[in-house]
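Okay, thanks everyone, I'll keep this short. Let's get the structure up on the screen and walk through the side-chain contacts together.

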Amino acid sequence: MKQIERLAALFPARESVPPAHRLESPLHQRSILINGELRDWEGPTHTVLSPVSFRDADGRLLPVEVGSYPITSANESLEALQAAVGAYAAGTGQWPTMSVDQRIVHVQDFTRRIVEQRDLIVKLIMWEIGKSAADSAKEFDRTIDYIRQTIDALKELDNNNSRFQMVEGTIAQIRRAPLGVVLCMGPYNYPLNETFTTLIPALIMGNVILFKPPRFGTLLFAPILQAFRDAFPPGVVNTVYGRGEEVVPPLMTSGQVNVLALIGSSRVADKLKKLHPKTNRLRAVLGLDAKNAAIILPDADIDLAVRECVLGSLSFNGQRCTALKLVMVHQSIADAFVEKFCAAVSALPVGMPWEPGVAITPLPDRNKPGYLSECVADALEKGARVCNTDGGQSAETLYVPAVVYPVDETMRLFREEQFGPIVPIVPFDDIDSALSYVENSDYGQQVSIFGSDADTIATLVDPLVNQVCRVNINCQCQRGPDVFPFTGRKDSAEGTLSVSDALRAFSVRTMVAAKDTAASKALLDDIVLGHKSSFVNTRFIF
Ligand code: G3H
C-alpha cells in the first residue's frame with residue numbers, strides 16, 4: 001500500500017468512533033445574542049465541516065458535518081454594537097457601575113453554567129478543529145482555571161485599592177475603571193481559551209463585549225450563548241457572526257469600539273486599527289504572528305533538545321502561536337540532532353483526535369496541506385531535503401510532519417510562519433548568524449536556547465531579552481503558566497496578557513481626589529460609611 005493510501009486509511013467509518021466521542025447529531029445554531037435576547041436567525045448559514053472525514057460503504061471519504069451557524073450581515077453587527085453602546089451608556093450603565101464583588105458573582109454564575117456544558121464544548125473543540133480529545137479537554141479546563149485565577153487576581157487588585165492615599169494635601173482613592181466597548185476576536189487554534197483570556201478580563205473589569213468567534217471553532221460557543229444571556233445584564237455580551245471582512249469593518253469605522261482585542265494575524269490587526277476614525281481613542285490588545293526559533297548550541301544535551309523541540313514544534317500539529325517554527329542547530333551537532341529528531345518525529349502517532357496518545361491529527365483548514373506542500377517544494381528546489389520517512393505526505397487533511405534540512409535564508413520556510421507541521425532546520429557555524437536571525441525577524445515573541453555553559457547562555461540571554469519577550473533555557477516556547485506575562489515585540493503583540501496583566505490591559509486608572517480638609521473628610525466618610533458609592537469605598541472582597 002502506498003503511504004498516501006495508508007494515511008487515507010486512518011479515516012474511519014462512522015461506526016468506529018467510540019461512543020463517548022460521538023456527536024449525536026449535527027448542531028444547527030439558529031440564534032444570535034443581541035441585547036440580552038437570543039434572536040432567531042432565518043438568514044444564510046455556514047455549514048461547518050470537520051477536519052475529520054468518514055469512509056462510506058463505497059470507501060469514499062466524506063467530511064463530517066458538525067453543524068451550521070448564522071452568517072449575519074453588517075446590519076446585525078451594528079445592532080450588536082448599539083446594544084453594547086447602550087449597555088455601557090457612556091460608563092453609566094448597570095454593568096460598568098456595578099461593584100466589583102457583584103461583577104464577580106455574575107462571572108462565577110457564568111462559569112458554573114459553562115462547566116455544565118463541558119462535555120459538549122470539549123467534543124465541539126475536537127470535531128471542529130481536530131484537536132485531540134485530551135488536549136480539547138485540557139483547553140476547557142485551563143480556561144476555567146484562568147477564569148478562577150482572574151477572579152482571585154481581581155480581588156487582590158481591588159482590595160489593594162480599597163484605601164485612601166493622602167499626598168501633599170490631597171486625599172485620593174485610585175482604582176481601575178473600564179474602557180467601554182471591547183471587540184473580542186480569538187484564534188482558531190485555541191478558540192475557547194484564547195478568546196476567553198481577553199473576553200473574561202475585559203468583562204469582569206466592567207467593559208461591554210462584542211464577541212466574534214473564530215473562523216474554525218465557532219459552534220463550540222453555541223452552548224455558551226445561553227449562559228452569556230442568563231448570567232449578565234442585557235447588552236453586556238453581544239455576538240457578531242458572519243464573514244469577518246463584512247461584519248467587522250463597520251464596527252471599527254463607527255468609532256464606537258474602544259478596545260480591539262484580537263488574537264490573530266498582524267495583517268488583520270493593522271487593517272482594523274486603521275479603520276477607526278479616532279485612533280487615539282482605540283486601545284489595542286493584540287496577540288499576533290510569531291516565528292519562534294530554537295538555538296541549539298554545540299554543548300547542548302541533544303536528547304533533551306530533541307524532546308523539547310518535537311513538543312515545541314509539533315504539539316497540535318504546530319498550530320500554536322508559540323510553536324517553535326525554526327530550529328537553528330550548530331553545524332558540529334547538526335547531523336546527530338537531525339537524525340534523532342527525525343526518529344522522534346516518526347514515532348509520533350498520526351490518527352484521529354479521539355485516539356489515545358495521538359499526536360498528529362487532521363488540520364482544520366482544508367487548504368493548509370496545499371500551502372505546506374508549496375513551502376516544502378520551494379525549499380527542495382533550493383537545495384533542502386525532507387529528512388524523515390514520509391515527511392510531507394498528505395491525504396485529505398492529514399499531513400505527516402516534514403523535517404526540512406538544511407534550510408537557508410533564500411527559502412520561504414526561513415521567514416514565513418508556516419503554522420503547521422513542518423520543522424525547518426537551519427545549520428549555523430557562528431552564533432552571530434543565529435542572533436541576527438532573531439534580530440532581523442519581523443516577529444519578537446519568544447526564543448529557546450539549548451546549551452550547558454552558563455557563560456555562553458548568559459551572553460546570549462542579554463541581547464535576546466531585548467529582541468523577544470521570553471527567553472526559554474533548555475525548554476520549548478510556550479505561553480503558560482498563565483500568570484506569567486504573555487506578549488511580544490515588533491509584529492508579534494501589543495499589550496501584555498496574563499491573569500493579572502489582562503485586568504490592567506482592559507482598564508484605566510481613575511481616581512477620586514479631594515483637598516485634605518475637615519469638610520472633605522466628613523464628606524468622604526459619609527460616602528464610605530453609608531456605602532453610597534461602588535468606587536469610593538474601603539470594602540474588602542473575601
Ligand atoms: O497559540 C498560542 C497559544 O497562546 C499558545 O499557548 O504555548 O500554552 O500552547 P501554549
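So, let's start with Lys340, which makes a salt bridge with Asp303, with the closest N and O atoms 2.9 Å apart. Keep in mind that this is a predicted model. That pair links distant parts of the chain: Lys340 is in helix 13 (residues 331-346) and Asp303 is in helix 12 (residues 302-314), 37 residues apart. Are these two buried or exposed? Neither, really: Lys340 is partly exposed, at a relative accessible area of 39%, and Asp303 is partly exposed too, at 41%.

While we're on charges, there's a network to look at. Asp109, Arg113, Arg229 and Asp230 are joined into one network by salt bridges that share partners. And how many salt bridges does a search of the whole structure find? It finds 25.

Let me pull out another pair. Asp482 and Arg142 form a salt bridge, and here the closest N and O atoms are 3.0 Å apart. Again, distant parts of the chain get linked: Asp482 is in the loop between strand 22 (470-473) and strand 23 (489-490), while Arg142 belongs to helix 6 (residues 133-160), and the two are 340 residues apart. Asp482 is buried, with a relative accessible area of 10%, whereas Arg142 is partly exposed, with 24%. The cut-off for buried is under 20%, so Asp482 at 10% falls on the buried side.

One more on this topic, then I'll move on. Arg60 and Asp56 meet through their side chains in a salt bridge, at 2.7 Å from N to O. Arg60 counts as partly exposed, with 48% relative accessibility.

Now, Lys131, where the partners are rings. Its charged end sits over the ring of Tyr190, 3.8 Å from the centre of that ring. Lys131 also lies over the face of Phe316, and there the distance to the ring centre is 4.9 Å.

That brings us to rings with rings. The structure holds 17 aromatic pairs. Take Trp95 and Phe232: they form an edge-to-face pair, 5.4 Å centre to centre, with 85 degrees between the planes. Why does this pair tie together parts of the chain that are 137 residues apart in sequence? Because Trp95 lies in helix 3 (residues 94-97), and Phe232 lies in the loop between helix 8 (222-231) and strand 10 (237-239). Both Trp95 and Phe232 are buried.

Compare that with Phe540 and Phe542. Those two form a tilted pair, 5.0 Å centre to centre, with 55 degrees between the planes. Phe540 is partly exposed, at a relative accessible area of 48%, and Phe542 is exposed, at 80%.

Back to Trp95 and Phe232 for a second, please. Which cluster do they belong to? Ring pairs link Trp95, Phe110, Phe196, Phe211, Phe221, Phe228 and Phe232 into a cluster.

Okay, sheets. I picked one: 3 strands form an open sheet in the order 6-7-25, and the pairing is antiparallel. Strand 6 (165-167) and strand 25 (507-515) stand at the edges with a single partner strand each, so each has one side left without a neighbour in the sheet. On average, neighbouring strands of this sheet are turned by 35 degrees against each other, if you ignore direction.

If you zoom in on strand 6, it is joined to strand 7 (residues 170-178) by 3 bridges, and the two run antiparallel. You can see Met166 standing opposite Ile171 of strand 7.

Last topic, cysteines. How many disulfides does a search of the whole structure find? The answer is 0. Cys184, for instance, is in no disulfide, and the nearest cysteine sulfur, from Cys321, is 16 Å away. A disulfide here needs the sulfur atoms within 2.5 Å, so 16 Å doesn't qualify. Cys184 counts as buried, at 0% relative accessibility.

Then there's Cys475. It is in no disulfide either, and for this one the nearest cysteine sulfur belongs to Cys477, 8.0 Å away. Cys475 is partly exposed, with a relative accessible area of 29%.

And that's my tour. Happy to go back to any of these views.

Technical notes. Residues numbered from 1 in each chain as written. Predicted model: local features only at pLDDT ≥ 70, side-chain atom pairs only at ≥ 80, totals over all residues. Heavy atoms only, no water. Phe/Tyr/Trp six-rings, centres within 6.5 Å; stacked < 30°, edge-to-face > 60°. Helix = DSSP H or I, 4+ residues; strand = E, 2+ residues; numbered from the N terminus. Buried < 20%, exposed > 50% of the residue type's maximum accessible area, 1.4 Å probe, protein only. Lys NZ or Arg CZ within 6 Å of the ring centre and 35° of its normal. Pairing = 2+ DSSP bridges. Axes fitted to C-alpha atoms, helices over the stretch in contact; angles between N-to-C directions. Salt bridge = Lys/Arg side-chain N within 4 Å of Asp/Glu carboxyl O.
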